[in-house]
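The following exercises are to be worked with the sequence and the coordinates at hand. Each task is followed by a stepwise solution.

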Amino acid sequence: MHEVLLTAAERPWRSALPAGLAATAVGVSVEVGERLCDTGSAGKDASGRAVLFGQLDRYQPGQEWAARSHDSLTAAAQAIEQAERGFFGLFGGLCEVAFAADALSRNGTRYRRLLDSVDGPICASAAGLGDAVTRTPAGLPFAAFDVISGMAGMGAYLLGRRDEPRVDPALRAVLTGLVALCGEKDGLPNWHTPFTAMVPNTPMSRSYPNGVLNCGLAHGIPGPLAVLSLAESTGVSVAGQLEAVERVARWLVDHRADDEWGPNWPTGVGMPDATGATAAYGPTHNAWCYGSPGVARALWLAGTVLSDKQLCDIAVDTMTAVYRRPADERRIDASPGLCHGVAGLLQITLRFAHDTGAAVFTDAATALTTQLVQMFQTQRRYGYAAIAETGPATDDPGLLDGAAGVALALLAAATDVLPSWDRTLLLA
């Protein structure tokens, strides 16, 4: 009798941790959840709390988590209704509330009226932006195409809603725009951002006075690469999509900034100066937002849809190099959060553990979970401090930088509940 081999998508999600550590991690997640209940009904960061409470309800049904999730989503929807609906970003915009509603909809059986009310403006904005980028794909600011504010984030949301009739044209317009973005002219990739299109007086603009090709998953070309790859894996494809995936993946491989531990990436690659020379700022920290873990995940997704073992091997080698680096070289170990901290590295690690079954990833997940548990601070309002890249530590209840995101990663490591919420990070 032949063994039936399941694909990663078909394989059930399982905890990557020893039983004792899993129980501890769940306890910390529950404690964070209880503390987050005390934030009141304020709409700020309510979407992240709603998603966390929803995951806790899936793990511990019948314990008030469902009601708390509903209340938080209601607060988030009210806040976005009162604010300007002109910002559609996946983090802080209309797509954030929509994503939370979809994640909590129980396969479309709940929040249908809310989703219907937000899908219309989101689809209209996404289609318009996709068409505009298709016409003029080169030299855009990061916010036009990135995960946080732009097309890649919109694409992440629309992919989850792709079976809705009015979503499909908007999704295809976004994918078509991203394919155009991934092209090049006269040897210069379209996804370059000129200095004049960068936010003034930022570390990025100061580091790249001639403009930059951004290499971070949060704000750079790995985000569009991940969206195009995920779309291909779900059967949604537009003209030139696979070619765009291969072009960007090869460009990223060609612009590595390896160190003594293995593959690594810079924050970005500078555009040529008057002499034709370029500069790369980095390697940067090893986080989700910038650095090799986020790039590795995008390359893995690309390698999977291209059936390219070399790309997948590079992704695995990149992650194992991260685990070998000492903390001062990894440069994330003081921060617990998803964006540029330990929780983000843990969530990426969990996805690799699920997809490969390799012991290096389950071992790393155990080490990272242990580290996160030890970072819990009883005296902090939510148990975890949000550590900005610059500035003091704060008490942040949110998903991307705050305690809700840390608790979600701990739950993903410690339970058999599928972390479908991490589509918002473009990890799966």
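**Exercise 1.** Determine which side chain makes a polar contact with the side chain of His354 in this predicted model, and describe the setting of His354.

*Solution.* Step 1: the partner is Asp355, whose side chain lies 3.2 Å from that of His354 in a polar contact. Step 2: His354 is located in helix H15, which comprises residues 342-356. Step 3: the relative accessible area of His354 is 12%, and because buried means under 20%, His354 is classed as buried. Step 4: with neighbours within four places in sequence set aside, the contacts of His354 are Ala8, Arg11, Pro12 and Trp13.

**Exercise 2.** Establish how many disulfides the structure contains, and explain the result for Cys123 and Cys215.

*Solution.* Step 1: a search of the whole structure returns zero disulfides. Step 2: a disulfide requires two cysteine sulfur atoms within 2.5 Å. Step 3: for Cys123 the closest cysteine sulfur belongs to Cys95 and is 9.0 Å away, so the pair is too far apart for a bond. Step 4: for Cys215 the closest cysteine sulfur is that of Cys182, at 13 Å, which is likewise too far for a bond. Step 5: both residues are nevertheless buried, Cys123 with a relative accessible area of 7% and Cys215 at 0%.

**Exercise 3.** Check whether the span of helix H1 agrees or disagrees with its number of residues, then identify what covers its buried residues.

*Solution.* Step 1: H1 covers residues 19-36, a run of 18 residues. Step 2: at 1.5 Å a residue the expected span is 26 Å; the end C-alpha atoms are 26 Å apart, so the two values agree. Step 3: the buried residues of H1 include Leu21, Ala22, Ala25, Val26, Ser29 and Arg35. Step 4: among the elements covering the buried residues are helices H2 (46-59), H3 (65-82), H16 (359-375) and H17 (403-414).

**Exercise 4.** Identify which members of the largest nonpolar core touch the most other members, and which helix gives the most to this core.

*Solution.* Step 1: the core has 148 residues, of which Leu158, Trp288 and Leu299 touch the most other members. Step 2: H17 gives the most to this core, with 11 residues. Step 3: beyond four places in sequence, Leu158 touches Ile122, Cys123, Ala126, Val167, Ala170, Leu171 and Val174.

**Exercise 5.** State what the mean pLDDT of the protein chain is, and where the pLDDT is below 50.

*Solution.* Step 1: the mean pLDDT is 94, and 94% of the residues reach 70 or more. Step 2: over residues 1-5 the pLDDT is below 50, and this stretch has one contact beyond near neighbours in sequence.

Definitions and conventions:
Residues numbered from 1 in each chain as written. Predicted model: local features only at pLDDT ≥ 70, side-chain atom pairs only at ≥ 80, totals over all residues. Heavy atoms only, no water. Buried < 20%, exposed > 50% of the residue type's maximum accessible area, 1.4 Å probe, protein only. Helix = DSSP H or I, 4+ residues; strand = E, 2+ residues; numbered from the N terminus. Expected span 1.5 Å × (residues − 1). Contact = heavy atoms within 4.5 Å. Core = buried A, V, L, I, M, F, W, Y, C linked by side-chain atoms within 4.5 Å. Polar contact = N/O pair within 3.5 Å; in protein donor to acceptor, adjacent residues only side chain to side chain. pLDDT = per-residue confidence, 0-100.
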